[in-house]
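Reader: Please take one helix pair in this protein and go through it closely. I would like to know how the two helices are arranged and which residues meet, with enough of the rest to place them.

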Amino acid sequence: MKYNFFTVSIPILLLVIASFYLTSKFIEPSSKKEITIATGSIDGEYYQTALKYKEILEKQKVKVNILTSNGSMENIQLLNDKKADIAFIQNGIDELKEQTHIKAIASIYYEPLWIFYKNDTYKMDYLIQLISKKISIGKEKSGTEDLALKILNDNGINKKNSQLLYNSTQEAKDLLIKGEIDAMFIVSSPNSNVIKELLENPDISLFSFKRAKAYSRKYSFLEATPIYEGTIDLYKNLPSQDINLLSTTANLIVRNGFSDELTRLILKEIKKVHNKKELFEAANQFPNIDNLTIEINEDAQRYFTYGDTWLEKIFPYWIASNIDRLKILLIPLITLMIPLSKGFFPLYRWSIRSKIYKWYEEIHKIDLEAEDAKNEELKKYLEKIIALKKEIKAETKVPLSYMGEYYDLIMHLELIISKINMKLASN
């Protein structure tokens, strides 16, 4: 019986092992827990945000490398060259529309466009007043340059009728204060020290977009964002009047082939950085995938649509991720469960009955040998069958539903005992 059991169970076990082995070949290996983020200048908001990401992601055992750059345009190139996995860019960059292998995963905060100009006892109401002026539009290949050129071109201002200069934020600020340029464009957080310094300077004015809503209608990535008197600093009353600003958003982009697992982990963790209420942002407004001008990464789209999986809600992220990767193993399990479920009950009945039927071979042997035995041999067989009966009662444990077969066995033992006793009495 034991031999029969193994002849059935061993092939089934080998089939299960082979199925799991073959299926495991289709499971993607766990992603490398290391990313490189392209930011901007070391004194910029992108770099400071990357430092926050580094802190929270390294708690999740992900190594984070940070690359500085001149800004959005250079970050795109770093992704193209595979020197970075993920990058900060300013929403609305035209060049990104042609980059089919780069996709967005989130907008993370508003980036207001500030235009400061030299206050020469006049107020600037329209940007057309900057024609023929010296204007700093940010560093080359930066998001500030890209947005500034769009806005200036809309107002008929270009290199032919004005002097457009490519300065860093710090350089432009110093030149503006000295009076060596007339205006500067800067895309930055209101927390920037440069913004505060320029707002405090009585010789510098902040341009207010009278037609902010018109710009936001023309460009889907721009929003009219008013900043009210005293918002930056109530004590110093900065700004000194209500100002209409235009804001784009800071976006995170990744190159094709970037890990699905790391994409979900990044989105899960950066919520801790960006979901708070800020000057321009409402609580839980960011991160989001609203108004993105390039294609959205599929995993990011799925994450923002459905949120954390039920596994991620129960287990730490990497455990949940590994379990999710192994879900493909359900295929052989389900495939095998259908035929195995049909054979389970017959196999169960067979295994229970085998506990009873295994004794019949020995009982039959004693019965045959006792047929021709004489007195002394009969007594030995009688002792043997009685001992066997005790052994069977001690070892054979079966469910109540199989007690009929059990008592049939005991009855057969009693029958043989009676036959031997009758032979002994007749001799």
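Author: Helix 14 passes helix 15 in a left-handed crossing. The model is a predicted one. Helix 14 covers residues 375–395 and helix 15 covers residues 403–426. Their axes lie 10 Å apart, and the packing angle is about 160°. Angles over 145 degrees count as roughly antiparallel, so helix 14 is roughly antiparallel to helix 15.

On the side of helix 14, the contact is made by Asn375, Leu378, Lys379, Tyr381, Leu382, Ile385, Ile386, Leu388, Lys389, Ile392 and Lys393. Helix 15 answers with Tyr406, Leu409, Ile410, Leu413, Glu414, Ile416, Ile417, Ile420, Asn421, Lys423 and Leu424. Sorted by class, the residues of this contact are 15 nonpolar, 2 polar and 5 charged. The polar ones are Asn375 and Asn421. The charged ones are Lys379, Lys389 and Lys393 from helix 14, with Glu414 and Lys423 from helix 15.

Another pair, helix 5 and helix 6, can be set beside this one. Helix 5 spans residues 169–178 and helix 6 spans residues 193–200; they pack at about 10°, with axes 11 Å apart. Angles under 35 degrees count as roughly parallel, and helix 5 and helix 6 are therefore roughly parallel to each other. Thr169, Gln170, Lys173, Leu176 and Ile177 of helix 5 make the contact with Val194, Glu197 and Leu198 of helix 6. By class, that contact has 4 nonpolar, 2 polar and 2 charged residues.

As for the surroundings, the protein has 15 helices and 10 strands. Of its 427 residues, 44% count as buried. The exposed surface of the protein comes to about 23700 Å², of which carbon and sulfur atoms supply 55%. Among contacts with a separation of 6 or more, 76% are between residues 24 or more positions apart.

Glu98 and Ile294 give an example of two residues distant in sequence: 196 residues separate them along the chain, while their C-alpha atoms are 9.0 Å apart in space. Glu98 sits in the loop between strand 3 (86–90) and strand 4 (102–118). Its relative accessibility is 67%, so Glu98 counts as exposed.

Definitions and conventions. Residues numbered from 1 in each chain as written. Predicted model: local features only at pLDDT ≥ 70, side-chain atom pairs only at ≥ 80, totals over all residues. Heavy atoms only, no water. Helix = DSSP H or I, 4+ residues; strand = E, 2+ residues; numbered from the N terminus. Buried < 20%, exposed > 50% of the residue type's maximum accessible area, 1.4 Å probe, protein only. Contact = heavy atoms within 4.5 Å. Areas by Shrake-Rupley, 256 points an atom, 1.4 Å probe, with all protein chains shown as cover. Axes fitted to C-alpha atoms, helices over the stretch in contact; angles between N-to-C directions. Parallel < 35°, antiparallel > 145°, perpendicular 65-115°, else oblique. Left-handed = near helix turned anticlockwise from the far one by under 90°.
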